[in-house]
Amino acid sequence: GGDVKLPMFYPQACKLGGNWYITSWQGVYLWRAISFPAKWEAVGQITDATPMHPTLSETSDQHAILLTGDAAHGTLRAFISPLDKVHETPWAEHPQSPVVSGFDRIAPAGPLFKDNDGTLWRPAQDIRVVYGRCVRAWRVDSITSTDYKEEHNISKAVFIGGATGVGSDAMAMHLVSSTNRADGSIVGIVDGLSLQDVWPLFVD
């Protein structure tokens, strides 16, 4: 919307410090909502790193964080900015970046989300066989401007979907966006590939 002219593959809207922002994949540019959701203005380029699914979130110590896959090195890189300075670009790289490694988890698959117990999860694609094969959620144990830790044991990651052989994600799944509902359930929209190529809705 508005004056956005850059390619907007994998647009990820996120509220940071009370304002809505969105990133574009190519070049990792940051945009701020002038009138959400219809009009946006360019803020600047967060990083010139070659990105894969750049995803915005907030840390627990009042910083914005951008997580982006680095397919060339099989890692997940992180960039940070104080919430009151997100308009000052480029952002600094997180002191622990790259924060994750492994092709089973380095490609972000949508915004981070919390379950009903307040546990934070990061959805990520498993791209070991093919891009978008399936999505798992990895538990995030610490996310601050100086520390990032998440579960590393794949057996403890939550399988969301993809390559099941049946249904709406029979062939693949590579994105999921979820939210908590008042009744305690989680509803999400996923980009899954079935034999009919549909966009499914799931309710957990």
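**Notes on surface, rings and charges**

1. V129 sits in the loop between β12 (120-126) and β13 (134-143). Strands here are DSSP runs (E, at least two residues), as helices are (H or I, at least four residues), and they are numbered from the N terminus. The model is predicted, with local features needing pLDDT of at least 70 and side-chain atom pairs counting only at pLDDT 80 or more, while totals for chains, interfaces and linings use all residues. Residues are numbered from 1 along each chain as its sequence is written, and side-chain values use heavy atoms, leaving out hydrogens and water.

2. Staying with that loop residue: V129 is exposed, at 67% relative accessible area. For this label and its siblings, buried is under 20% relative accessible area, exposed is over 50%, and partly exposed is in between (1.4 Å probe, protein chains only). V129 joins V130 and Y131 in a nonpolar surface patch, and together they have about 300 Å² of accessible area. The areas are Shrake-Rupley values with a 1.4 Å probe, and for residues only the protein chains shown count as cover. Patch members have over 30% relative accessible area and no salt bridge; nonpolar side chains (Val, Leu, Ile, Met, Phe, Trp, Tyr) are joined within 5 Å, like charges within 9 Å.

3. Now the rings. Phe, Tyr and Trp rings (six-membered ring for Trp) pair if their centres lie within 6.5 Å; planes under 30 degrees apart are stacked, over 60 edge-to-face, and the rest tilted. That rule gives 2 aromatic pairs. W20 and F36 are stacked because their ring centres are 4.5 Å apart with planes at 15°. This pair links distant parts of the chain, 16 residues apart: W20 belongs to strand β2 (residues 19-23), F36 to the loop between β3 (29-35) and β4 (39-45). W20 is partly exposed at 28%, and F36 is partly exposed at 43%. The F36 and W40 rings, with centres 5.9 Å apart and planes at 75°, make an edge-to-face pair. W40 is buried, at 7%. Ring pairs thus tie W20, F36 and W40 into one cluster.

4. How many disulfides are there? The count is 0, taking a disulfide as two cysteine sulfur atoms within 2.5 Å. As for individual cysteines, C14 is buried at 13% relative accessibility and C134 is buried at 1%.

5. On to charges: there are 9 salt bridges, each a side-chain nitrogen of Lys or Arg within 4 Å of a carboxyl oxygen of Asp or Glu. One of them joins E93 to R77, with the closest N and O atoms 2.9 Å apart. E93 is in strand β8 (residues 92-93) and R77 in strand β7 (residues 75-82), so this bridge ties together parts 16 residues apart in sequence. Both ends are partly exposed, E93 at 34% and R77 at 22%.

6. Which residue forms a salt bridge with E150? R122 does, the closest N and O atoms being 2.9 Å apart. Since E150 lies in strand β14 (residues 148-150) and R122 in strand β12, the pair ties together parts 28 residues apart in sequence. E150 is buried at 3%, and R122 is buried at 2%.

7. R139 bridges to E151, with 3.0 Å between the closest N and O atoms. R139 is in strand β13 and E151 in the loop between β14 and β15 (158-161), 12 residues apart. R139 is partly exposed at 27%, whereas E151 is buried at 12%. Elsewhere, D126, R128 and R136 form one network through salt bridges that share partners.
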